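Here is a short set of exercises to work through with the model open beside you. Try each task before you read its solution.

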Amino acid sequence: MIGLRDAATLARTKVRSKRIRLLITTIVSGLLFGLIGGGVLLFDGTAGSVDRFAEQNLGGRYLVQGTPVLPSEQIYPNPTDPGVHKEIETLHAAYIAERKAAAKRYDIPDYDPKSEVQPIVDDPYGDPSIPADQRRIVNTESVAWKRREAAAIEKIQRNSKSTPEKYAADSRAAGATDTYQPQSLQALGLTYLKDGREDLTGAAQADLGSKDGSQGPAGDSSIASSNFTIMDDDLVAAFIAEPNAARATPKGIPILVPIDDVVATLGKSLSVTKRPKDSSGQVAWYRNVRAKANGVTFTACYRNQAERDRVEEARSTAAEIAANKNTRGFDKPKLVLELPTTACGPVTVASDTRTAREKERAENQRAFDAMASSTVAAQTTPQEVPKAELLTFQIVGVLPTGQSGSGGLESLVSSIVGTTYGYGSIIPSGLLEKLPTALRHSQVLSHKPAATPESIMMFGPMGPEAAYISSFPTVDQAKKFIANYSCGEGGGFLGGGDYYSECGMPFSVGTYGTSYLVVDDIGREARPFLIGILGALFGVATIIIWAMMGRVIADSRRETAVFRAIGAKRGDIIKIYLLYSLWVALRIALFAAVLAGVIVLVIETLFSRRATDAAQLAYGVFNGDATFHFFGTPSWLFWAILGGILAMSLVAITPPLMRNIRRNPIRDMRDE
């Protein structure tokens, strides 16, 4: 009987024979298994880094945005439909009757019904084969059409299922813990005042600032276009900078501005440079812009419609006076309005020589003209008091924006872990509520403009505030909620993105903030794909080991016969070759593990810093401790690969070894 120590000695002696064949097998198999292991380690490390950044940015929440789906056919029917024509003509006839009665009531003697915009006109793009009297189309500028639109909007709002309450109820039933409703301020028509100055003369505004290398003109920035949204602090807390000396005393409405918008609009006054191309330079640039912008103020002007009408009247009067200043017999208008001389000041009356009767007629004319509005409310509401109000905003942080034109590793990382809020500049509601009343401008910011067909088409039946956000604690719950609003087999992702197409659903839903579905799909779908590729490589490497080990055992028939002849039992022989096989497998596994580690460490050394910079830039957050690493804790798959080497080595020797120990040792010695 051969003991374990002797068996190990014989196995080690066996390893020292045929060294060239063993070396080739170890290198070739080790290379394949090393590449497989390196791929697994890279995947595990990258996935872990993405998860860490997602956790830092999302705080363990997965946000879903729901946008109401509009039944557009109810607002915009076929304008060539004869049935629609009949409806519009009936509305127009009723409108004309109202106008005639009003002209008599308001003492408007020169009213001519033919001066009204006609409801049905010739269709310039109609089919020429159709008789001319049948090529007719609704005039969308007519009062009758606009009144029909307004009635359709009112009906949609009254009967719509796409309400905040509906979205909140559906979200919470699916597991959402919080729901939010951002408030868009874009419809307020705020005007950005560059350097605190306002030009109401009608002349073109001067350039609103310098351009950034990755950003269009300053006029495209959310500051210049006054694209502001009030949003819960919970959603943007990561971007709010620490208070500094400039913010020791609040000076205006707190606002987070996309970083490229800061540079485009305020870059010259802040003395900041354009975005550098390298990621490490961008991190320093981002920190510099954020530090310089923290606490900086800018102003915007709010004017209601009545005040804007007075501005236009003042401009028109000034132009008329200027054009006729040298005209004999020209009588200056009795009412002369003067544009303000201070930023966002009110339009004032320069002179008013009208008699009481003339003022009464002017008021009657205003009431008569109001009838041309599409809504009853506009016709019956008392004249709005003109209002102009200067708003001061104070930057409390910056939002990340895409690195336009960048490529390579940075572009790949930012596309996976980037943050996109899509609401222009954001006003944190919590910070807004903490402001003194004088700085809050609550009456202006809470003003809800009337719904129009354009705003309905863009925002849904509830107006600009109809973008609802819900927070789910797990990606599976968020994904399931989104899937429940899809069309099943007939739906799917639109354009490969995160938004599902709808079929009768009250909301269009998709991810918000980050592309966590993409990250999740990479983890779920890429792993089976990776396993498939690794399985193919594993099979090739296994064949090589199988062939080598099988050949070694087959060539050892004479050795097996000698062991049998000197009294070794079959179990002793199996013990020797099992130890030999394990010895070889351990060499291959060790070589593969070292090679996999070297591959990942080289990539980690070369690209980890760049990837971390790219991820931090994509999130716009540098205060956390999340870093991007390609090397992470090995998963079960990596250890399974190494274990598979040992298992395949044992399996490979079994058939030839069983044949050898069953053969007649005398015959094998004679044949050899």
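**Exercise 1. Find the side-chain partner of Asp260, and decide whether Asp260 is buried or exposed.**

Solution. Keep in mind that this is a predicted model.
- Start with the partner: the side chains of Asp260 and Arg275 make a polar contact of 3.1 Å.
- Next, place the acid: Asp260 belongs to helix H8.
- Now check the accessibility. The cut-off for buried is under 20% relative accessible area, and Asp260 has 1%, so Asp260 counts as buried.

**Exercise 2. Do the same for Glu604: which side chain does it reach in a polar contact, and is Glu604 buried or exposed?**

Solution.
- Glu604 is part of helix H21, which covers residues 570-619.
- Its side chain makes a polar contact of 2.5 Å with the side chain of His629.
- Look around it next: setting aside neighbours within four places in sequence, Glu604 touches His629, Phe630 and Phe631.
- With a relative accessibility of 14%, Glu604 counts as buried.

**Exercise 3. Work out which residues have the most contacts inside the largest nonpolar core, and which elements feed that core.**

Solution.
- The largest nonpolar core holds 34 residues, and Phe298, Phe393 and Ile427 have the most contacts inside it.
- Several elements each supply at least two residues, including strands S7 (228-231), S8 (253-258), S9 (297-303) and S12 (388-399). Helices H8 (259-270), H9 (279-293) and H16 (442-445) each do so too.
- Zoom in on Phe393. Not counting residues up to four places away in sequence, its contacts include Phe228, Ile253, Ile255, Phe298 and Ile427. Leu190, Gly252, Val296, Thr297 and Ala300 also touch Phe393.
- Apart from this core lies another one, of 17 residues, with Ile36, Ala596, Phe638 and Ile641 among them.

**Exercise 4. Take the ring pair Tyr111 and Phe368: what is its geometry, and how many residues apart in sequence are the parts it ties together?**

Solution.
- A pair of aromatic rings is described by the distance of the centres and the angle of the planes.
- The count of aromatic pairs is 11. In the pair of Tyr111 and Phe368, the centres are 5.4 Å apart and the planes are at 75°. Planes over 60 degrees apart count as edge-to-face, and this pair is edge-to-face.
- Tyr111 sits in the loop between helix H4 (82-105) and strand S2 (120-122), while Phe368 sits in helix H11 (residues 356-370), so the pair ties together parts 257 residues apart in sequence.
- Check burial: Tyr111 is buried at 16% relative accessible area, and Phe368 is buried at 3%.
- One more visitor turns up at Phe368: the charged end of Arg99 sits over its ring, 3.8 Å from the centre.

**Exercise 5. Classify the pair Tyr167 and Tyr468, then find the ring cluster that includes them.**

Solution.
- The ring centres of Tyr167 and Tyr468 are 5.6 Å apart and the planes are at 45°, so the pair is tilted.
- Tyr167 is in helix H6 (residues 164-173) and Tyr468 in strand S15 (residues 468-472), so the pair ties together parts 301 residues apart in sequence. Both tyrosines are buried.
- Follow the rings onward: ring pairs link Tyr167, Tyr468, Phe472, Phe481 and Phe507 into a cluster.
- Phe507 lies in strand S16 (residues 507-511) and is buried, at 0% relative accessible area. Its C-alpha is 5.2 Å from that of Thr67, although the two residues are 440 apart in sequence.
- Phe481 leads to helix H18 (residues 475-484), whose buried residues are Val475, Ala478, Phe481 and Ile482. Down the axis of H18 they fall within an arc of 130°, so they line one face of the helix.

**Exercise 6. Locate Pro258 and list what it touches.**

Solution.
- Pro258 is in strand S8 and, at 9% relative accessibility, counts as buried.
- Leaving aside neighbours within four places in sequence, Pro258 is in contact with Ser222, Leu399, Thr401, Gly424 and Ser425.
- Its C-alpha atom is 9.8 Å from that of Tyr423, which is 165 residues away along the chain.

Terms used
Residues numbered from 1 in each chain as written. Predicted model: local features only at pLDDT ≥ 70, side-chain atom pairs only at ≥ 80, totals over all residues. Heavy atoms only, no water. Core = buried A, V, L, I, M, F, W, Y, C linked by side-chain atoms within 4.5 Å. Buried < 20%, exposed > 50% of the residue type's maximum accessible area, 1.4 Å probe, protein only. Helix = DSSP H or I, 4+ residues; strand = E, 2+ residues; numbered from the N terminus. Contact = heavy atoms within 4.5 Å. Polar contact = N/O pair within 3.5 Å; in protein donor to acceptor, adjacent residues only side chain to side chain. Phe/Tyr/Trp six-rings, centres within 6.5 Å; stacked < 30°, edge-to-face > 60°. Lys NZ or Arg CZ within 6 Å of the ring centre and 35° of its normal. Arc of directions from axis to C-beta.
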